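Here are my notes on the two-chain model you sent round. Please read them with the viewer open.

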Amino acid sequence: MRNLKLIIKREYLARVRNKSFVVMTFLSPLIFVGMIVFIAYLVNLNSNVQRVVAISDESGQFISEFKDSDDVKFIDLSSVETEAAKRIVEEKEYYGLLHISEFSENTIPEIQFFAKEAPAFGFLDRIERTIADKLTNRQLLDRGIDVDLIEASQAKVEIGIQNFSGERTSKMSTYVKMFFGGAAGYLLMMFIIIYGNMVMRSVIEEKTNRIIEIIISSVKPIHLMLGKILGTSLAGITQFVIWVILGGVMLTLVSMIAGVDMAAMHGPQQQAIDQMSDNELQQLVMDIARLPMLLLLVSFLVYFIGGYFLYSAIYAAIGAAVDNETDTQQFMLPVILPLMLGIYVGFFAVIENPHGVVSTVFSMIPLTSPIVMLMRIPFGVAWWELAISIALLILTIAGVVWVAAKIYRVGILMYGKKPSYKELYKWLKY
Amino acid sequence: MDNLLVAENISKQFGTFTALNDISLEIPEGSIFGLLGPNGAGKTTFIRIINQITMPDSGRMLLDGHPLRPDDIKHIGYLPEERGLYKSMKVGEQALYLAQLKGLSKAEAKERLQYWFERLQIQDWWGKKIQELSKGMAQKVQFVVTVLHRPKLLIFDEPFSGFDPVNANLIKEEILQLRKEGATILFSTHRMESVEEMCDYMALIHRGNKLLDGQVNDIKRRYKSNTFEVGLVTADAESLRKELESKFRISDTEFKSINDDLKLQIQIEPSASPNDLLIYLTGKAQVNHFVEVIPSVNDIFIKTVTTNA
């Protein structure tokens, strides 16, 4: 135990004092915040441009429907002949020319848009809708139907969702759950890849330094391996915490100083929130409050630690099996594949149906369960499912650590051999 | 003399490859024991079993009369052949870490390190990183770390490789000093002259089998062939040579001398006495040089390994 503590301490300090680690820790939030500011700037820049569109409306019925807005300005060129109008648009570098032909009753006018470049999709959509609305209204009127009456008789329906115990939820609650689960799963994957790799590199480093034999004449290889995994994960947690704090502080600072409206960035989401009634907003807060926070936190810890342990043991074994980092490629697939699978299953199957067969099965298979189960938990998972999943995970960790320790024990003393899977299997029996 | 380390019928297989085949050895307390063998003989595997890095398939390893326990690593100091240190860690910190892994407390480790660093005159390396040191300098640090916890048994695997002659000699003196202080030393090497110079006992293993072991002098006695190297001054070298040829098995030899006319190796019957040969020779010529030919460890090594190939 004393040695394990010593190893953890050394590994932790070795990681934390590493120059590139320090640089990454303090530079990453800067880059991250810088990117956000940059994107916000770009978005603002883009929306500041006002497009000028010329309209040549031969029918004269639509021109009044097109109102100027922040980003579009309309110019009436109906009095000019089409060819001449085109020339004007080209000369003055307008965005384009909308041409609406003369039409008789019960037909639809021919509408054309002339432009140097293909117009934006959203812009076209808006024009089409404006014309269609006007036409529809006209045709309704022509057929003797009162448009106001139709509008007045439109019914608005909102389904109040409740579960059997009477708690009210909203559509938003699904998004809230998705967000919490998805963030947890994604975080775990990133953590495994970043710090698992770090464990692997540190094993390879000890091999290439040839210090390994000196160390394991004092400590058991399994202690060295565990110490490495734990020390590296502590360094990882340190880095994560610094990232969150620094990132948060800097985001606040930047948004205060530069006055950049961070909310403006999430265009559609922001609009959605704007459109929500106070009632719905309240509901959202309640949805978040009603998530099983304690369960979420505990299971997050269990799956986070379990998943990280499982994978970093594999990473350690890979590091022990090879002589240098280039040789690790052939063993990377079995690590990356289940991680990716977990993320994809999470983002597609779980969101579609959190309790479907696919979601359930993948939240049981130990290599994918940490990610998939973390995504499922906000939607409510039966306790026995959790129990089975965690039990399977723990059993697998025990097995994988045992196998990894064997490969590790033999591998760290092997030099100059490029091992195959067959070779690794043989090592298990040494 | 008591045996500090006893290996009883140690065998180890790696897959189909036999690394050690039923090896039994006894290493007396306070001795310097040379473990010899060509590359791939199984020396390193044997040493790793002593260090409990590798477990034997069968057989027992006894230290101080009891089977090896995990705790025994405190009593063993091991300088492996494949040795290195953390490149980006400072010398002092690293030495402290390795010493603490051997069970020393931090304060104790620091005190002893200071003693050793002063003794080897490397105090000013304390704050340097290993990557700033030369290979020989790093090896001095490794040596200190190996002996720091005052182990009963010291194992050196090719200790002198990588040292320049001055430092090799320094380390040799330190090893002899440690033996004086009571340590038992196991050498693994294929550099015969260091065995010749330092070892009391030796064992030779080849392809996992022990070919011979025992006290170095005993082994030499076993391998000697009652041959004497003589240098004679005589007026008629040719006739004397013919006369000797008819009585003994002789061969020409070469050694440095000022005025010998005849330089020969003469082999006598095991039962015969060297004195009789000397008396016979003094009657024929002036004897300037009369030395028994003792086989070097190198000769024994080559002879044993090639005859068992």
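The points below go through sheets, helix packing, the chain contact and domains.

1. Status. This is a predicted model. Please read every value below as computed from that prediction.

2. Sheet in chain A. Four strands make an open sheet here, ordered S2-S1-S3-S4 (chain A). The pairing is mixed. The edges are strand S2 (72-76) and strand S4 (111-114) of chain A, and each of them pairs on one side only. On average, neighbouring strands of this sheet are turned by 25° against each other, with direction ignored.

3. A parallel pair in that sheet. Strand S1 (residues 51-57) and strand S3 (residues 96-100) of chain A pair in the parallel sense. The pairing runs over 5 bridges. To find the register, start from Ser56(A): the residue opposite, in S3(A), is His99(A).

4. H1 against H8 in chain A. H1(A) packs on helix H8 (residues 221-257) of chain A at an angle of about 45°. Their axes are 7 Å apart. Oblique packing counts as neither roughly parallel (under 35 degrees) nor roughly perpendicular (65 to 115), so H1(A) is oblique to H8(A). The crossing of H1(A) and H8(A) is right-handed.

5. Residues at that contact. From H1(A), the contributors include Leu4(A), Ile7(A), Ile8(A), Glu11(A) and Arg15(A). On the H8(A) side, Leu224(A), Gly227(A), Lys228(A), Gly231(A) and Ala235(A) are among them. By class, the contact of H1(A) with H8(A) has 10 nonpolar, 6 polar and 3 charged residues.

6. H12 against H14 in chain A. Helix H12 (residues 329-352) and helix H14 (residues 369-376) of chain A have axes that come within 8 Å. The axes cross at roughly 25°. Angles under 35 degrees count as roughly parallel, and H12(A) and H14(A) are therefore roughly parallel to each other. The crossing of H12(A) and H14(A) is right-handed.

7. Residues at the H12/H14 contact. H12(A) brings Gly342(A), Ile343(A), Val345(A), Gly346(A) and Val350(A). These meet Ile371(A), Val372(A), Met375(A) and Arg376(A) in H14(A). The contact of H12(A) with H14(A) has 6 nonpolar, 2 polar and 1 charged residues.

8. Contact between the chains. How many residues of chain A are in contact with chain B? There are 15, and they meet 19 residues of chain B. On the chain A side, the elements that give two or more residues are helix H1 (2-17) and helix H7 (212-216). H1(A) gives the most to this side, with 4 residues. The chain A side has 7 nonpolar, 4 polar and 4 charged residues. H1(A) thus appears both here and in the packing with H8(A).

9. Sheet in chain B. An open sheet of 4 strands is found in the order S2-S1-S4-S5 (chain B). Its pairing is antiparallel. Strand S2 (17-28) and strand S5 (66-67) of chain B are the edge strands, each pairing on one side only. Strand S1 (residues 3-14) and strand S4 (residues 58-63) of chain B run antiparallel and are joined by 5 bridges. Val6(B) stands opposite Leu62(B) in S4(B).

10. Domains of chain B. The domain assignment gives domain 1 (3-221) and domain 2 (225-293). Taken over C-alpha atoms, the centres of domain 1 and domain 2 of chain B are separated by 44 Å.

How values were computed. Residues numbered from 1 in each chain as written. Chains lettered and ligands numbered in written order. Predicted model: local features only at pLDDT ≥ 70, side-chain atom pairs only at ≥ 80, totals over all residues. Pairing = 2+ DSSP bridges. Contact = placed C-beta atoms within 7 Å. Nonpolar A, V, L, I, M, F, W, Y, C, P; charged D, E, K, R; others polar. Domains from an automatic or database assignment. Axes fitted to C-alpha atoms, helices over the stretch in contact; angles between N-to-C directions. Parallel < 35°, antiparallel > 145°, perpendicular 65-115°, else oblique. Left-handed = near helix turned anticlockwise from the far one by under 90°.
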